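The following exercises concern helix packing and charged side-chain pairs. Please examine the model before reading the solutions.

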Amino acid sequence: MTEEERTQLAGEYVLGTLPPDVREAVTRARAGDPALAAALDDWERRLAPLAMLAPAVAPPAWLRAHV
């Protein structure tokens, strides 16, 4: 995997846009791939401030009933 591919994969992982099977594979690979772990950490660090901008929203009651 090239650095560019790794960076793109990490970004998609952090944004939550990967299909579930690919996301699971990245989660497993993170522990054994320091370069992938670093790319994921970098994306998480860069995107964290955006989460601070969004107001907190309580989930609807119907959703909680299904958890």
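Two exercises on this predicted model follow, each with a worked solution.

**Exercise 1.** Determine how the axes of helix α2 and helix α3 are arranged, and which residues make the contact.

*Solution.*
1. Helix α2 spans residues 20-32 and helix α3 spans residues 34-53; their axes come within 6 Å and cross at roughly 115 degrees.
2. Angles of 65 to 115 degrees count as roughly perpendicular, so α2 is roughly perpendicular to α3.
3. The crossing of α2 and α3 is left-handed.
4. On the α2 side, the contact is made by V26, A29, R30 and G32; α3 contributes P34, L36, A37, L40, D41 and E44.
5. Sorted by class, the contact comprises six nonpolar, one polar and three charged residues.

**Exercise 2.** Identify the salt-bridge partners of R30 and of R28, and state whether R28 is buried or exposed.

*Solution.*
1. The structure holds five salt bridges, among them those treated in the next steps.
2. R30 pairs with D41, at 2.7 Å from N to O. This salt bridge links distant parts of the chain, with D41 in helix α3 and R30 in helix α2, 11 residues apart.
3. R30 also meets E44 in a salt bridge, at 3.1 Å from N to O; E44 lies in helix α3, 14 residues from R30 in helix α2.
4. Through shared partners, R30, D41 and E44 are joined into one network.
5. Relative accessible areas are 22% for R30, 35% for D41 and 33% for E44; R30 is partly exposed, as are D41 and E44.
6. R28 forms a salt bridge with E24, the closest N and O atoms being 2.9 Å apart. Both residues lie in helix α2, four residues apart, about one turn of the helix.
7. R28 has a relative accessible area of 55% and is therefore exposed, the cut-off being over 50%.

Conventions
Residues numbered from 1 in each chain as written. Predicted model: local features only at pLDDT ≥ 70, side-chain atom pairs only at ≥ 80, totals over all residues. Heavy atoms only, no water. Axes fitted to C-alpha atoms, helices over the stretch in contact; angles between N-to-C directions. Helix = DSSP H or I, 4+ residues; strand = E, 2+ residues; numbered from the N terminus. Parallel < 35°, antiparallel > 145°, perpendicular 65-115°, else oblique. Left-handed = near helix turned anticlockwise from the far one by under 90°. Contact = heavy atoms within 4.5 Å. Nonpolar A, V, L, I, M, F, W, Y, C, P; charged D, E, K, R; others polar. Salt bridge = Lys/Arg side-chain N within 4 Å of Asp/Glu carboxyl O. Buried < 20%, exposed > 50% of the residue type's maximum accessible area, 1.4 Å probe, protein only.
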